Amino acid sequence: MYRLLFIITFFSFNAMAQTTVPFDSPRWKITGQEAVKEAHLGQPSLKLKSGSALLADANFKNGIIEFDIALSKARYFPGIDFRIQDDSNFEEYYLRPHQSGNPDAMQYTPVYNRDGGFQLYYGTGYNNAVVLPFDRWLHIKMVVKEKEAEIYFDNGAEPVLYINPLDRIPTAGMISLANPWDAVAWYSNFVYTSTDAVTIKSSRQFPKLPEGTITSWDVSTVFSEKQVDGRTKLQAADTASLRWKTLWADHNGITNVSVLSAVTEEKNTVFVRKVIDAGSPRIRKLNFGFSDKARVYLNGRLLYEGNDEFLTRDYRFLGTVGYWDALYLPLEKGRNELLIAISEAFGGWGIKAQLTD
């Protein structure tokens, strides 16, 4: 009996064992324009500028990650990537030092096919207003469990950000301290604990999506935006060679099409398709938002073209997706095909829409 208790205690302790990885460890793959180990503000640190420190063997899914970071007074976005599957797919948390005190001073976003989604994932559960220090070390603790995470600053009792949900499927992966920007960040005292035995203190209930929310779309394979530029009518041949997959909207009603397709300079556009059946000719209102550009076709005819890229509306417009636009659809009796060509530049590739009477 005592032997059994000892074994259970031993393995429980080791499951929670904290792993410290100093920056002179060969486990790190450190690259960058500047990637220098130096003393900073009284602590040994890794100075990173346009660089990263990758812990390829972390195999981290659930647990705790802790590190110190010291920030420059600059416009840049230093942070950490985790559950990394490859250089195009991971979870990301970063700081915006130039927005200290503002609602977007920090950000969580999933990254799919190298496309970060700050324009799709914003507000409660994704960012929060915090004051970021510049004259001292900031201690960051991340508690990660399945689809949730909490971020703590300076050993505080309450999280400064509760992330719910983490958008990607929970899968163990690599960890990277990432600062791919032309300003310096310093990292120190990195430790992590891989364990399922962590507790998330926060909770959040998602409200029911509004009546009429489009919760799924057929999404096409990717093509060049030039194929729809200036096109006021579509023929059957324009979509005949495309392949389609069904993609579901999230709890906010947003469908992230970068889950299916990568963006390149040559190919940055997909169609999202919804078939609307009408018992008689009628008008239905479509409330919608998109990132970054949209061309709306109903039964092959162009009804709308818009651009909601970063800074297009004013100097602080982030290109976030909401019900910023509305369109009145003249439906015919029977089958109506709604096609929206969504083109991406950066920052999130997606759409949300709601049909009302």
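**Notes on a strand-rich predicted model**

1. Let me start with a single pairing: Thr255 has Ile351 as its bridge partner in strand 23. That contact belongs to a short run, since just two bridges join strand 16 to strand 23 (residues 350–356), and the two strands run antiparallel. Keep in mind that this is a predicted model.

2. Zooming out from there, strands 16, 23, 18 and 21 make an open sheet, in the order 16-23-18-21, with antiparallel pairing. Its edges are strand 16 (255–256) and strand 21 (325–331), each of which pairs on one side only.

3. Now the whole chain. DSSP-style bookkeeping gives one helix and 23 strands. The C-alpha trace spans about 75 × 55 × 35 Å along its principal axes. Of the 357 residues, 52% are buried. If you look at contacts between residues at least 6 apart in sequence, 74% of them join residues at least 24 apart.

4. Strand 4 (residues 63–71) is the one I'd look at next: nine of its nine residues are buried. Gly63, Ile65, Phe67, Ile69 and Leu71 point one way, while Ile64, Glu66, Asp68 and Ala70 point the other way. So what about the two acidic residues in that second set, Glu66 and Asp68: buried or exposed? Both are buried, like the rest of the strand.

5. Strand 4 has partners on record here in two strands. Seven bridges join it to strand 9 (residues 138–145), and eight bridges join it to strand 13 (residues 185–194); both pairings are antiparallel. Glu66 shows up in each: its bridge partner is Lys141 in strand 9 and Val191 in strand 13.

6. On to the packing. Nonpolar side chains tend to be buried together in soluble globular proteins. Here the largest nonpolar core has 47 residues, and Phe153 and Phe190 have the most contacts inside it. Strand 3 (residues 43–60) gives the most to this core, with six residues. There is also a second, separate core of 26 residues, and Val270, Leu286, Ile342 and Ile351 are among its members. Ile351 is the bridge partner of Thr255 from point 1.

7. Which residues does Phe190 touch, beyond those up to four places away in sequence? Among them are Thr19, Val21, Phe23, Trp28, Leu55 and Ile175, along with Ile65, Glu66 and Phe67. Those last three lie in strand 4 (residues 63–71).

8. Finally, the outside. The accessible surface comes to about 17,000 Å², with 52% belonging to carbon and sulfur atoms. There are 39 positive and 41 negative side chains, and the centres of the two sets lie 4 Å apart.

Key. Residues are numbered from 1 along each chain as its sequence is written. This is a predicted model: local features need pLDDT of at least 70, side-chain atom pairs count only at pLDDT 80 or more; totals for chains, interfaces and linings use all residues. Side-chain values use heavy atoms; hydrogens and water are left out. Two strands pair if DSSP finds at least two bridges between them. Helices (H or I, at least four residues) and strands (E, at least two) are DSSP runs, numbered from the N terminus. Buried means under 20% relative accessible area, exposed over 50%, partly exposed in between (1.4 Å probe, protein chains only). Contact means heavy atoms within 4.5 Å. Accessible areas come from the Shrake-Rupley method with a 1.4 Å probe; for residues, only the protein chains shown count as cover. Lys and Arg count as positive and Asp and Glu as negative; His and the chain ends are not counted. The place of a charge is taken as NZ of Lys, CZ of Arg, CG of Asp or CD of Glu. A nonpolar core is a set of buried Ala, Val, Leu, Ile, Met, Phe, Trp, Tyr and Cys residues joined through side-chain atoms within 4.5 Å.
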